[in-house]
Amino acid sequence: MSYRMSLFRTIDALSSCLDFVGIDDVMHGKRVGIMAVRVAELLGWDEDRRQTLLYAGFLHDCGVSTTDEHGNLVTELEWSNADNHCKRGEKYLNEVSLFAHMAPYIRYHHTRWEDLPKKQVSQDVAEMANIIFLVDRLDILRAAYGPAEAFDNREQFLSVIRKYSGRLFCPEMVEALDKCSHSEAFWFSLDPQMLEMHIREQSMLGSKLDINQDNLRSIATMFAHIIDAKSHFTADHSVRVAQLSRYIAEGLGIDQETCAGIEIAGYLHDLGKLRIPDAILEKPGPLTTVERPTMKRHAYDTYEILYRLFGDDTIALWASFHHETINGEGYPFQLSGAKLPFEARIIGVADIVQALVQNRPYRPSLPSAEVMTIVDGMFNAGRLDERVVNFFRDHLQECWQMAGGVD
Ligand SMILES: [Fe+2]
Ligand SMILES: [Fe+2]
Ligand SMILES: [Fe+2]
């Protein structure tokens with residue numbers, strides 16, 4: 001089976017997930033993509049190259065999962081560990097055949113222009129990476145201002161950038177950026193509403209591709225790694241939920257195509273967690289009444305992103321219903337009974353089991369017997385599906401190990 005999806009829309013949705021890490025500072029990737037293209041237009045780059053640059057700009061910070069690391073991105077022009085997120089981003093992109101060509105651009109997007117020759121990269125890589133670095137840093141300088149104030153303060157930002165021309169940044173690019181920055185339109189087009197309009201227009205124009213299940217699985221896995229990297233308490237969570245869900249689905253005799261869809265939904269189920277501040281995700285004690293909805297909202301955020309990607313396709317629904325329960329006491333839609341698809345019930349059980357097997361800030365990993373007792377308790381309370389729980393009971397040891405349990 002393949003999914004007819006717009007590559008632009010897919011990358012846009014991924015970029016929106018990355019925006020979640022910024023919590024309040026959103027759309028950084030999109031601004032970087034759009035500004036980079038403006039500079040490239042002035043430099044006379046052809047359309048194909050500009051398109052790739054736009055995508056690379058949207059995804060350039062895919063190696064950043066924690067709000068702490070994001071803090072560095074928005075306060076410093078250069079910082080000592082900048083290379084870490086570049087290397088992670090390179091690794092993630094290399095794992096997806098549709099995105100692998102962008103990996104070297106992301107690898108060097110915080111490397112000084114004067115250091116690039118030592119890295120022995122091609123001219124194309126050096127230029128792509130440096131144009132992203134340049135506008136990325138401009139966006140950081142501009143971040144504290146609205147579009148009108150940014151235009152007004154442009155000379156101040158440009159004077160900082162010019163100081164680094166030839167060292168951090170390619171001189172021709174600095175010159176082109178300087179020219180771009182004289183127009184009001186350059187700044188006003190970065191306004192969130194304008195960006196949204198521009199992106200909507202692009203996604204209507206962009207051609208659609210048939211993305212096969214293997215490609216989709218690799219994109220979903222890439223995002224699972226980004227989500228799981230957010231906290232060491234959630235390392236491997238999405239990957240294990242996906243694998244355990246598939247194991248249960250296959251064991252219950254579900255056809256292979258649906259099993260593959262369940263696995264993909266498993267990888268994506270906690271996308272919304274990227275928005276939860278690290279301090280809440282890693283809190284050792286109970287959450288306050290304000291923190292609890294922030295935590296719960298992740299399932300709805302998953303839905304919003306996946307709806308943009310898949311529309312009402314089952315994958316979006318299976319993934320976002322993972323905290324729904326049969327008795328209607330789950331969240332965020334409070335679905336109950338027949339409204340809760342069987343596939344989502346499988347992911348729901350896999351999610352609970354994996355979370356119980358994992359060390360959490362407030363308790364250690366639980367042994368299989370204790371996991372079984374808790375799952376039984378939830379089943380008796382009318383929350384979980386009988387067939388799924390029976391399968392889990394019959395294959396307790398295998399499921400527990402697959403969830404990460406070690407004897
Ligand atoms: Fe970056
Ligand atoms: Fe969740
Ligand atoms: Fe989860």
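Is L244 buried or exposed, and how many other C-beta atoms lie within 10 Å? In this predicted model, L244 is buried, with 28 other C-beta atoms within that distance, against a cut-off for burial of 20 or more. The residue is placed in helix α14, which comprises residues 237-251. Residues up to four places away in sequence being left out, the contacts of L244 are A350, V353, Q354, C399, M402 and A403. By contrast with these contacts, P192 stands 52 residues from L244 along the chain, and the C-alpha atoms of the two are separated by 39 Å.

A second buried position is V349, which belongs to helix α19 (residues 342-357). V349 counts as buried because 25 other C-beta atoms lie within 10 Å, where 20 or more are required. Its contacts, neighbours within four places in sequence being left aside, are I248, V375, L384, V388, V389 and F392. V349 is also 8.1 Å from S245, C-alpha to C-alpha, although 104 residues separate the two in sequence.

Helix α14 also packs with helix α13 (residues 213-228), the axes lying 7 Å apart at an angle of about 135 degrees. This angle makes α13 oblique to α14. On the α13 side the contact is formed by A224, I227 and D228, and on the α14 side by H237, S238, V239 and A242. By class, four of the residues in this contact are nonpolar, two are polar and one is charged.

Towards the N terminus, helix α2 (residues 28-42) takes part in a contact with helix α7 (residues 123-142), in which the axes come within 9 Å and cross at roughly 125 degrees. The two helices are therefore oblique to each other, and their crossing is right-handed. Residues H28, R31, V32, M35, A36, V39 and A40 of α2 meet I131, I132, V135, D136, L138 and D139 of α7. Nine nonpolar residues, one polar residue and three charged residues make up this contact.

Helix α2 has a further contact, with helix α3 (residues 47-59); here the axes come within 7 Å and the crossing angle is roughly 155 degrees. Because angles over 145 degrees count as roughly antiparallel, α2 and α3 are assigned to that category. The crossing of α2 with α3 is right-handed. From α2, the contact involves G29, K30, V32, G33, A36, V37, A40 and E41, and from α3 it involves R49, R50, L53, L54, G57, F58 and L59. These residues divide into eight nonpolar, three polar and four charged. V32, A36 and A40 of α2 are listed in the contact with α7 and also in the contact with α3.

The dimensions of α3 were examined next. Its end C-alpha atoms are 19 Å apart, in agreement with the 18 Å that 13 residues should span at 1.5 Å a residue. Within α3, residues L53, L54, Y55, A56, G57, F58 and L59 are buried. The buried residues of this helix pack against α1, α2, α6 (103-107) and α7. Among these partners, α1 (residues 7-21) contains 15 residues and reaches 22 Å from its first C-alpha to its last, close to the expected 21 Å. Helix α1 is largely enclosed by the rest of the structure, because 13 of its 15 residues are buried.

Backbone geometry was then considered. Most residues other than glycine have a negative phi, and most peptide bonds are trans. Against this background, the peptide bond joining Y331 and P332 is cis, with omega about 5 degrees. P332 is located in the loop between α18 (314-320) and α19. The loop between α18 and α19 also holds Q334, a residue other than glycine with a positive phi of about 50 degrees. Q334 is exposed, since 12 other C-beta atoms lie within 10 Å and the class extends to counts of 12 or fewer.

A positive phi is likewise found at Q120, where the value is near 50 degrees in a residue that is not glycine. Q120 lies in the loop between α6 and α7. With 8 other C-beta atoms within 10 Å, Q120 is exposed.

Notes
Residues numbered from 1 in each chain as written. Chains lettered and ligands numbered in written order. Predicted model: local features only at pLDDT ≥ 70, side-chain atom pairs only at ≥ 80, totals over all residues. Axes fitted to C-alpha atoms, helices over the stretch in contact; angles between N-to-C directions. Helix = DSSP H or I, 4+ residues; strand = E, 2+ residues; numbered from the N terminus. Parallel < 35°, antiparallel > 145°, perpendicular 65-115°, else oblique. Left-handed = near helix turned anticlockwise from the far one by under 90°. Contact = placed C-beta atoms within 7 Å. Nonpolar A, V, L, I, M, F, W, Y, C, P; charged D, E, K, R; others polar. Expected span 1.5 Å × (residues − 1).
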